[in-house]
Amino acid sequence: MTGLDKSSISRYLKGDYKGSQDALYKISQALRVSESWLMGYDTPMDPDAPQVRVVIPAGFQDMPDLTPVPLIGSIACGTPILAEENIKQMVGVPSAWHADFALECHGDSMAPRICDGDIVCIRKQAEVETGQIAAVRIGDEATLKRFYKSGDTVQLVAENPAVCPPMMYTGEQLEDMQIEGLAVGFCRSLI
């Protein structure tokens, strides 16, 4: 009834296939249910109920799958500030990032890549590769910087050295330092 091959329908039933907008339309017509209900939205199952059909214009892509992660506080993009670890809200971030939590950035030392007010997404891990951007805790303070380690010396480097010169840590100073995780993405408001 749909004109789709059996393997596509089988994959759809298993959850392995999300289907194109055209395929979802054909399935909904064959089953006499609304497209939005078929996609799992909390809408009427009846296809005759008033609904808005959204057509994605050519050249645009569907939104990626999102995963909710906790926005747990703030992090300095400058000199370290006192780390806050209270869940402010949950934010949806692309699932492909494999982020564990998010932090709101304060300061301009990572600009223009990461700016004041951006939400940076962190994958919790105790080690990062040299040159990667990491959330680093120094005592009770946290900062977001590029991480470089050579022997027993760690250098935290800003994208914008005019705002924040490189910070060097060595010897016993490293005992108070802990990598909280790798920056895997960020979200920025356009307004």
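A residue counts as buried when its relative accessible area is under 20%. Select Arg146 in this predicted model: its relative accessibility is 19%, so Arg146 counts as buried.

**Stop 1: Arg146 and its partners.** Add Glu159 to the selection; the side chains of Arg146 and Glu159 meet in a salt bridge, 2.4 Å from N to O. Arg146 belongs to strand β7, whereas Glu159 sits in the loop between β8 (153-157) and β9 (167-170), so the pair ties together parts that are 13 residues apart in sequence. Glu159 is partly exposed, at 27% relative accessibility. Now add Arg113, which is linked with Arg146 and Glu159 in a network of salt bridges.

**Stop 2: two further salt bridges.** The whole structure holds 7 salt bridges. Select Lys88 and Glu104, whose closest N and O atoms are 3.6 Å apart. Next, select Lys124 and Glu180, where the N to O distance is 3.5 Å. Lys124 lies in strand β5 and Glu180 in strand β10 (residues 177-187), so this salt bridge ties together parts that are 56 residues apart in sequence.

**Stop 3: the largest nonpolar core.** This core has 15 residues, and Leu103 is among those that touch the most other members. Strand β4 gives the largest share, 3 residues. Select Leu103 and look for its contacts, which include Leu71, Ile75, Val120 and Ala135. A second, separate core of 14 residues includes Val128 and Tyr169.

**Stop 4: Ser28.** Finally, select Ser28 in helix α2 (residues 21-31). Ser28 is buried, with a relative accessible area of 2%. A polar atom of the Ser28 side chain lies 2.8 Å from the backbone oxygen of Tyr25.

Notes. Residues are numbered from 1 along each chain as its sequence is written. This is a predicted model: local features need pLDDT of at least 70, side-chain atom pairs count only at pLDDT 80 or more; totals for chains, interfaces and linings use all residues. Side-chain values use heavy atoms; hydrogens and water are left out. Helices (H or I, at least four residues) and strands (E, at least two) are DSSP runs, numbered from the N terminus. Buried means under 20% relative accessible area, exposed over 50%, partly exposed in between (1.4 Å probe, protein chains only). A polar contact is a pair of N or O atoms within 3.5 Å; within protein, one must be able to donate a hydrogen and the other to accept it, and residues adjacent in sequence count only if both atoms are side-chain atoms. A nonpolar core is a set of buried Ala, Val, Leu, Ile, Met, Phe, Trp, Tyr and Cys residues joined through side-chain atoms within 4.5 Å. Contact means heavy atoms within 4.5 Å. A salt bridge is a side-chain nitrogen of Lys or Arg within 4 Å of a carboxyl oxygen of Asp or Glu. Lists of a residue's contacts leave out its neighbours within four places in sequence.
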